[in-house]
Amino acid sequence: MNVLGIESSCDETAASVVGATGVLSDVVHSQVIHAEYGGVVPELASRAHVEKMGTVVRAALSEAGIERPDAVAATAGPGLIGAVLVGLSFAKGLAAAWDVPFLGINHLEGHLLSALLEDPAPAFPFLGLVVSGGHSTVYLARDVGNYTVLGETIDDAAGEAFDKTARMMRLGYPGGPVVDRLAAEGNPKAVKFPRPRPGDLDFSFSGLKTAVRTHVQKKDRASDVDVCASFQAAVVDCLLGRVKEAAERTGVRRLALAGGVAANSELRRRALELDLDVFVPPKNRCTDNGAMIANAGRQRLIRGERHAMDLGARPGWRVDE
Ligand code: KG4
Ligand code: ZN
């Protein structure tokens with residue numbers, strides 16, 4: 001069964017076809033307009049999705065070598081509502097015209113199940129660290145559709161912390177990739193940024209953000225590369241500390257990384273050093289893409305699910321509801 005997946009919840013217009021043999025096509029158009037504004041402007045994102053969606057979907061179908069998939073899945077939330085509506089409406093229109101099942105997918109479930117597209121893929125149950133621009137959560141995934149939140153951020157998301165740090169240092173947007181690149185040349189021990197206390201499962205990045213702000217305002221501040229390396233080390237310590245705690249509490253030894261921040265080199269390197277079976281998707285499957293939505297849709301379709309055409313967009317949809 002070939003499933004067309006459409007993603008438009010933030011600033012990527014993406015479409016992909018996933019079939020029995022894996023990913024048949026994966027087309028992502030990243031909107032560049034937001035860089036001028038230092039963050040995603042929702043109204044501009046929606047308009048750009050409308051402009052690009054047709055081309056992106058057509059390219060995904062032609063790269064996959066198919067004219068009509070067996071089902072169409074689209075992100076129904078969480079995300080920027082106007083942006084979500086573009087992909088969701090487009091998907092419903094296609095499903096209606098082709099008379100195939102339609103599936104509305106939770107974007108976070110898409111991220112969480114991304115590792116299933118890889119070979120080897122984790123077997124259930126596994127722990128999922130989903131770290132993106134809007135979310136930082138450790139899940140226990142017992143099966144498709146059976147997820148428990150073990151810990152989540154109480155303030156900023158990990159990606160937001162990267163983006164805000166980059167903004168404070170005037171490094172541009174999105175901040176994650178720039179900080180990652182600069183950090184590679186810096187000393188992670190140059191600045192002693194705070195670490196969260198151990199034994200907890202929730203994340204907090206506001207203390208770290210304040211510490212970075214205070215530091216970069218000092219006259220004798222460290223160089224950009226050293227601040228980036230030290231900040232990044234603190235984020236990774238926080239994320240992996242929570243993962244270790246989750247593994248101890250649940251006894252689950254498999255871990256999948258997902259979300260844009262899982263593209264971070266230091267997080268990937270240090271996660272692979274953990275005494276766990278770690279599954280790290282390639283970087284282009286960590287940041288937003290259509291394959292993760294097609295995959296989640298396909299997993300649900302295989303289990304006999306399909307959704308009604310009156311399914312609405314849900315901007316704050318939690319994956320454990
Ligand atoms: O999953 P994603 O593409 O979109 C959301 O669903 O939010 O994640 C985007 C976030 C941004 O905050 C971006 O700065 C961060 O992922 N990011 C990174 C890296 N690449 C993207 N953060 C750290 N290191 C990276 N290499
Ligand atoms: Zn995402």
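**Figure 1. Salt bridges at the domain interface.** A salt bridge here is a side-chain nitrogen of Lys or Arg within 4 Å of a carboxyl oxygen of Asp or Glu. By that rule, zero salt bridges cross the interface of domain 1 and domain 2. The model shown is predicted. Polar contacts do cross the interface of domain 1 and domain 2: two residue pairs make them. Both pairs are at pLDDT 80 or more.

**Figure 2. The two domains and the area they bury.** The domain assignment splits the protein into domain 1 (3–113 + 287–302) and domain 2 (123–280). Domain 1 is thus written as two segments, and domain 2 as one. Taken over C-alpha atoms, the domain centres are 26 Å apart. Contact involves 14 residues of domain 1 and 15 residues of domain 2. Interface size is often expressed as the accessible area lost when the parts come together. Here domain 1 and domain 2 bury about 1,200 Å² between them. Carbon and sulfur atoms account for 72% of that area. On the domain 1 side, L108, H111 and L112 lose the most area to domain 2. Together these three residues make up 46% of what that side buries.

**Figure 3. The domain 1 face that touches domain 2.** Two elements each give two or more residues to this face: α3 (107–112) and α9 (291–302). The top contributor is α3, with four residues. By residue class, the domain 1 face holds six nonpolar, five polar and three charged residues.

**Figure 4. The surroundings of ligand 1.** Around ligand 1 there are 21 residues. G133, D163, D180, G260 and N264 come nearest. Three close-up distances involve oxygen atoms of ligand 1. From H111, a polar side-chain atom lies 3.2 Å from a ligand 1 oxygen. H111 is also one of the domain 1 residues that lose the most area to domain 2. From G159, a backbone N or O atom lies 3.2 Å from an oxygen atom of ligand 1. From G260, a polar backbone atom is 3.0 Å from a ligand 1 oxygen.

**Figure 5. The cis peptide bond at P78.** G77 and P78 are joined by a cis peptide bond. Its omega is about -10°. P78 sits in the loop between β4 (71–77) and α2 (81–98).

**Figure 6. The cis peptide bond at P125.** The peptide bond from F124 to P125 is also cis. Here omega is near -5°. P125 lies in the loop between α3 and β6 (126–131). Helix α3 is the element that gives the most residues to the domain 1 face in Figure 3.

**Figure 7. Positive phi at D99.** D99 is not a glycine, yet its phi is positive, about 55°. D99 is found in the loop between α2 and β5 (102–106).

Methods
Residues are numbered from 1 along each chain as its sequence is written. Chains are lettered from A and ligands numbered from 1 in the order in which they are written. This is a predicted model: local features need pLDDT of at least 70, side-chain atom pairs count only at pLDDT 80 or more; totals for chains, interfaces and linings use all residues. Side-chain values use heavy atoms; hydrogens and water are left out. Domain bounds come from an automatic or database domain assignment. Contact means heavy atoms within 4.5 Å. Buried area is the accessible area (1.4 Å probe) that two parts lose on being put together, summed over both. A polar contact is a pair of N or O atoms within 3.5 Å; within protein, one must be able to donate a hydrogen and the other to accept it, and residues adjacent in sequence count only if both atoms are side-chain atoms. Ala, Val, Leu, Ile, Met, Phe, Trp, Tyr, Cys and Pro count as nonpolar, Asp, Glu, Lys and Arg as charged, and the others, Gly among them, as polar. A residue is near a molecule or strand if one of its heavy atoms lies within 4 Å of it.
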